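Please walk me through this structure in plain words, and explain each term when it comes up.

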2 protein chains.
Amino acid sequence: MTVTTTTPIRNRERRQSVQAADTVVAVLKGLSSLGGSASLTGLALHLDENPAKVHRYLVSLMDGGLVTQNANTQQYTLGLESMLIGLAAMRQADPVRIAEPALIHLREQLGITSFIAVMGNKGPTIVRMEEPSLPVTVNVRVGSVLSFLWSATGGVFLGLHDEPGVRAMARLEFDALDKTQNPPAAFDVLVTQLHDEIHQFQCVCVRDTNLKGISAVAAPVFNYAGQLAAVLTALGASGGFDTSLDGPIAIAVREQAQRISRQLGYSVP
Amino acid sequence: MTVTTTTPIRNRERRQSVQAADTVVAVLKGLSSLGGSASLTGLALHLDENPAKVHRYLVSLMDGGLVTQNANTQQYTLGLESMLIGLAAMRQADPVRIAEPALIHLREQLGITSFIAVMGNKGPTIVRMEEPSLPVTVNVRVGSVLSFLWSATGGVFLGLHDEPGVRAMARLEFDALDKTQNPPAAFDVLVTQLHDEIHQFQCVCVRDTNLKGISAVAAPVFNYAGQLAAVLTALGASGGFDTSLDGPIAIAVREQAQRISRQLGYSVP
C-alpha cells in the first residue's frame, strides 16, 4: 500500500509550478532562438502562447535581470544575467568530458584508437584516450606530451594556437632538432603551411613521422570564442590505417571534432 | 467601479505561476553564481530553499537542456542551452546602446564631450556622441572616421585590434603620410608602443595631434571574449582639458569604459 500525505490541492499546485517552470524555460529558449530579441507579439506567436501569459513570465525574467526591454522599440532582449549564466555554462563546458562520446564512437564504429589532447605547460598533452579491445601497441598514453613537429596533434596546435608561449615551446623543439632529422622547413614556413592545411582540410594527417609504423589524423576542437580548445586524434598502424583526406577515418574525426565544438558553443563561421 | 472578471482562484494561480517563474530564475542565477555547477544540497542551501522544491525546478531545466546532471558526481551543471542563451545575449549586447549612460555621465559629471567609436570599414568611426549644452566646436560628429595615427581613439584601435584588415588600413594611412608631417616612428614600433601604453595605463591621451587645440583621452571597451568592441573617448579644448593619466577625466573615461566592458560580459583578467 502506498501512503501519500499530499492532498489533491497540493498536487495541483505542484503541477502548476512545474508548468510555470517549463514556460519560463520555453520563453528563454524562444528569445534565444529568435536571435536574442523579439516583440511580445512575435515571441507569443513563436511560442504559440497567450501574449498576456508570456508577458507575466517576461516580468519575472526582467526582475531577475535575464531580460531587458528597450524603451524605444518595446522589444524584449536577453540581458546581462543571461550573458553571465551563459559564461558560467561556457566555463563548465569541459572539452574532455564532452569529447568522451566521440572517442567511444570512433572505437565502436571504426575500431580505432583515439584521444583528446589539450595544451599543457610542456606541450600538447593527451588527457583522455579510448582503445579497442585489441589495441595497436603505441608508446603514448594519458599524460603523454606530443611533438609539435612530428605528430598530427602537435601540428594542429602549432598551426592554430597563436599564444606566444605555445609558439616559443614549439620553436625550442625546432631549434633543438638534430640536423640529421631533416627538419621539414624553416619554422615560420612550417607554421604557415600547417595553418593553411588546417584551414583547407580541417585536419592534419601524418604517416610514420612521429612513431615508426603509426599513422594519425587530428582535427581541431573550437570553443564558443572560436579559440582552439582541444585536438581530437585517431591513430593506428600505418599498414591498415587510411590517412586520405576523404577516407572514412578523416571524415569521422572531422565530424566528431565539429560535433564537440558545437557542444562547446562554437558556431561554424 | 472596477469590473474584474478574474476569480480569487485564478488570481491565486497567477500568483503561484509568478512565484514559480521567480524560483526558476533564482535557480539559474544561483547555479551561475556558484560557478556553473553545484550539488542539490549546495544549491538549495545557497537559495535557502527546500531541496525537494529545488529539484522539481532542476527537472524542468534539465528537460529544456539548460542544465545537465553529471552521472558520476550527481552535480547539476549549466548546459548547452544555457550557453546558447548566453551567446544570443552576447550577440544582442550592443556596445553603442550600453555606452549611452556612460556618455551622459561624462557630460553631466564633467561637462565634457564624449563619443563611442567602433571599427568601420574605413577605420575608427564615431557612432554615438554626447555634447554639453555649450559644446566645444570640433570638426567630428557621428559618422566621422578618425585617424589611426593622430587621434586617441585611433591609437587604441591600432594598439589593440590585431585583425590583418585593420592593420592594413592603418598602414595605408601611415604610408600615405606627407613626410613633412614627421611620422612618430616606424609603423611596427608605433603599434608596439601603443599596445604597451594601453596595457600600462588603460588609455591613450593626445594633445593637439589630431585637431589643433583639441585634446582627447580614449579607453578600450572589451566584450565577453576579451576582444576590443569599441573605444570610449572624451575630448575638449586643450586649454582647459586635463590629459594627465591620473586626472579626473582619464579616471572617469577608464572607469566608464570598464563599466561598459563588464556590461558586455567582460571579466577583467
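In this predicted model, Cys205(B) has a relative accessibility of 24% and therefore counts as partly exposed, a term for values between buried, under 20% relative accessible area, and exposed, over 50% (1.4 Å probe, protein chains only). Cys205(A), at 23% relative accessibility, is partly exposed as well.

A disulfide is a covalent bond between the sulfur atoms of two cysteines, and here a pair of cysteine sulfur atoms within 2.5 Å is counted as one. The cysteine sulfur closest to that of Cys205(B) belongs to Cys203(B), but it lies 4.1 Å away, which is too far for a bond. In chain A, the sulfur of Cys205(A) is 4.1 Å from its closest cysteine sulfur, in Cys203(A), and this is also too far for a bond. Over all chains, the count of disulfides is zero.

Turning to the two chains, a turn of 180° and a shift of 0.1 Å along the axis lay chain A on chain B with an RMSD of 0.1 Å, where the superposition is by least squares on the C-alpha atoms of residues with pLDDT of at least 70 in both. The two copies are thus related as by a two-fold rotation axis. Within chain A, the residue that comes closest to this axis is Gly86(A), whose C-alpha is at 1.9 Å.

Chain A is divided into domain 1 (8–90) and domain 2 (93–263), with bounds from an automatic or database domain assignment. The centres of these two domains of chain A, taken over C-alpha atoms, are separated by 42 Å.

Residues are numbered from 1 along each chain as its sequence is written, and chains are lettered from A and ligands numbered from 1 in the order in which they are written. Local features need pLDDT of at least 70, side-chain atom pairs count only at pLDDT 80 or more, and totals for chains, interfaces and linings use all residues, while side-chain values use heavy atoms and leave out hydrogens and water.
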